[in-house]
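Thanks for coming. I have one structure to go through today, and I will keep to what the coordinates give.

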Amino acid sequence: MLPTTLGPWLDYTINGLVIGNIYALLAVGLALIFGVSHLINFAHGSVYMVGAYIGWLCVTKLALPLPVTFVTVAAGCGLLGAVIERVGLRPLRNAPRIAPLLATIGLSVVLDQSAQLLFSPDPRALPTQLPTWRIAIGGGSIGALDLLIAGVGIGSAGLLYGFLRFTKLGWAVRATALDRDAAQQCGVDVDKVNRTVFAIASALGGVSGLLVGMYYNTIDPNMGFQAGLKGIVAQLIGGVGNVPGAIAGSLLLGLIESYGIALFGTSYRNLFAFVALILILVLRPNGLFARARRLPPEPLTGTFIAPSRPLVLPKWAVWALAAAALALPLVVQQPYLLQTLGNAWLYALLALSLTLVAGTVGQVSLGHAGLLAIGAYASSLLALDAGVPVLLAVPLAGLVAAALGTALVYPAFRLRGHYVSIATLAVGEIVTLVILNWESLTRGPIGVTGIPPLSVAGKPLVSGQWVYWVPLVVLLAFAALQSRLLNSHLGRTLRAIREDDVAARSYGVDLNRYKGLAFAVAGFIAGVGGALMAHFYSYINHETFPAPVSMLALTMVILGGLGNVAGAVLGAAVLVGLPELFRAAAEYRMLIYGVVLLLLIRFRPQGLLGTV
Amino acid sequence: MADQLKNSLPKKPLLEIAGLTRHFGGLTAVNGLSLTVGQGELVSVIGPNGAGKTTLFNLISGLDAPDAGSVTFEGRDVTGLSAERLAALGLARSFQHGRVFGNLSVLDNVLVGAHTRLRAVKPRIPLVGPLVELALALIRPPSVRAEEERLRAEAKEIVRMFGERLTPRLDKPAHSLSYANRRRVEIARALALHPRLLLLDEPTAGMNPTETAEMLEIIRGLKARGLTILLIEHKLDLVMQLSDRVVVMDHGARIAEGLPAAVASDPAVIEAYLGHKAVGAANQDTGQDTGQDGDAAVPVRIAH
């Protein structure tokens, strides 16, 4: 497997630098945006995907010459960037810092799903019109496309340097990055600066998408998610907001990936990037090239807890609602309805778990689906391979998810604000990738089949009512426990950490201890939820709990009101139950979630029942 | 000067700082500072904006670690200990700009102050301690319930010290309070810790004269109860009335120390406050204001 001659290594190096160049086009844009608006733009990957599709239209439908295609892609994506700034950022200028980040996640979901609806989820070929000659160097070779990518990368960097250095608007951009308020005082139109920066960054991102499409000769609507993450990783390696650092970080990441693939194989590709991300966040949160090992101060922090008066349900109402929910199968007997609601209760467990860490403790986790996956795999494998009775495997899976989830997120405990979100996102991806690659344990891409159903005294609980009752009873039990926890000294302690971790420390609150406790409880709840899902679905694989599930969970808890136990249940019921009951076509569902998330952040950040 | 002071120093120093230094890049925010606070004493630290007072507090309270020097608390070297450990040793502080827990009620804010005093619910067991704490919080045996009730009653008692200002707002979220009330909540929270040493960072910033006078009475009351207090304050009349001793800082170093009246007439102090050489050349000073401790532009009032 290991190449012994120099030739292949030269190829890997060239390949790494080419990919690095593509990442650089993304990372530079992200760095520029971070510089002026202190925002990590999660929609950037989607812009890249849009660029690829505009390019595809230009090449295959309009048969435009290559230079015109490039200009069209840059212009189209530049315009999109300006729109993103207008919709995602400007209205949220005075909102907590995490709000625009959540908005860009919503935008990204909307863009990806729209592309999927317009162009179908299937990959498409994006032919290059370039000649196919290759120059042989040493034992490797360079093709025309490699040179084009390098040229575009270097050319863009040069143009950008000239713009920032020699134009008036470029000065304004740099001034805004240094001190936004002071720039505004001096008459800099900060909105215009932001718009320009988003446009430039998005134009670069779009071109990058086009180049990648040509390089691999394939594009698909979901290509943006991973690419956007890579851009973020590259930017973090170089130090957030640092443009030359972003370029260096990108080339480095490209090389790491290329060599990593050479050594371990393609399926590990993304693992390198995310492991590198976690290492960087933990060891050098300011990036490789930063002088001081100090986290950037305030701008990255701020919870998304809108001051609100939460709706407090009276005790009798809670009992009445719970009794009504329990009695429902006695009245309604349609299996489809019961199954749908049962599924909603399972997702409510995930929401309950997320609302504790994201709402109560203020650690906005973007990788929460990973906990479901851990729970699901733990329980299935315990039941199938270790012969543990399902009834015992489910709580054991909860414990595994609690322990593993806490241990995985533990390195991120010292991070704050956006960094927590990025780290948890990476942890979620790592879980998926490990499941995919650890074939001897998880059966890899084939998935786990024939998972036994939950059964009591030899009687499997698979009929309509049980699919509804079991999740509901578990949900009610956990909801009651979580409410009790929030009413204890732990509730105020966890919320104090969210409100002001420095003040909390000064009053003796050990942050690691309580964050760990919260993640353990959350891991247990989500782990049991994932385990139940596995036993009801009877088949799981690494794609059963993908990243969009984490975004869905976040939408649920924001819809219900962050930290709000009843809100989490309501959010899950509304977002999982309603679309199904109204028979909304499945392909529109994610789009609806994205739009709901955007509208909530903009117009009702406290959710339906209020943040607690 | 140190010799003169020896006599006025009480026998047992509670806090001893020696040669404390902290650099931020090229700037030395605290420069070889030494300071002692005796049991039951009230010592004020004054000085112009950017003198390094808040950095000093951060170093003492463990939010920041010094580059050199030592901090001794009750005879024990606590240099570089974490803020949470220092809190457990009995050190409580308020923050310059007020850092209450906005979405927590006034009562919960004060109860967080008592966090280090939780015993029944937070047994000192290594490794499984957090899990035991979780279990106890969920099961709530009588001992845990009794402890919670006792702390609640005590927290209400502390809040009552601030009279009608806070008592009616016990269940209101702290973000709904006025600025002055948030400062009161901070002090109530600090008292709930049962501090051995209380650090107050500009407790009257943003308060009007009436509110300042009330706060003065409260601090006087605390002092009368024997509490040891280290105070940063810009309102010099308040400093003059309360302090046993005053330490003046400028550019991170101690430029004067002594009884309030002596310090107020010290030429070095006047120069530090009103500018170097030419009085009124205020522009000279703005360049020096590093803003390291983020002082708000509070007008300096030298006592008459």
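Before the first helix, one definition: the expected span of a helix is 1.5 Å times one less than its number of residues. I should also say that what you see is a predicted model.

With that in hand, take helix H21 of chain A, residues 511-537. H21(A) has 27 residues, and from its first C-alpha to its last it reaches 38 Å, close to the expected 39 Å. As for its surroundings, H21(A) is mostly covered, with 22 of the 27 residues buried. The residue that follows H21(A) is A:Ser538, and its phi is positive, near 70°.

Next is helix H13 of chain A, residues 335-360. The count here is 26 residues, and the reach from first C-alpha to last is 36 Å, close to the 38 Å expected. Where is the kink in H13(A) centred? On A:Leu354, and the kink is about 30°. H13(A) is also mostly covered: 21 of its 26 residues are buried. Just after H13(A) comes another positive phi, about 75°, at A:Gly362.

Now to chain B. Chain B contains 12 helices and 10 strands. Chain B has 304 residues, and 42% of them count as buried. If you take the contacts in chain B between residues at least 6 apart in sequence, 69% of those join residues at least 24 apart.

How is chain B divided into domains? Domain 1 is made of two segments, 1-100 and 194-304, while domain 2 is 106-176. On the contact between the two, five residues of domain 1 of chain B meet five residues of domain 2 of chain B. The domain 1 side of that contact has four nonpolar residues, one polar residue and no charged ones.

Last, the contact between the chains. How many residues does each chain put into it? Chain B gives 30 and chain A gives 26. On the chain B side, three helices each supply at least two residues: H3 (83-89), H4 (106-113) and H5 (129-139). By class, the residues on that side of chain B are 17 nonpolar, seven polar and six charged.

To recap the two helices of chain A: H21(A) is followed by a positive phi at A:Ser538, and H13(A) carries the kink centred on A:Leu354. That is what I have; questions are welcome.

How values were computed
Residues are numbered from 1 along each chain as its sequence is written. Chains are lettered from A and ligands numbered from 1 in the order in which they are written. This is a predicted model: local features need pLDDT of at least 70, side-chain atom pairs count only at pLDDT 80 or more; totals for chains, interfaces and linings use all residues. Domain bounds come from an automatic or database domain assignment. Two residues are in contact if their C-beta atoms, placed from the backbone, lie within 7 Å. Ala, Val, Leu, Ile, Met, Phe, Trp, Tyr, Cys and Pro count as nonpolar, Asp, Glu, Lys and Arg as charged, and the others, Gly among them, as polar. Helices (H or I, at least four residues) and strands (E, at least two) are DSSP runs, numbered from the N terminus. A residue is buried if 20 or more other C-beta atoms lie within 10 Å of its own, exposed if 12 or fewer, and partly exposed in between; C-beta atoms are placed from the backbone. The bend at a residue is the angle between axes fitted to the seven residues ending there and the seven starting there.
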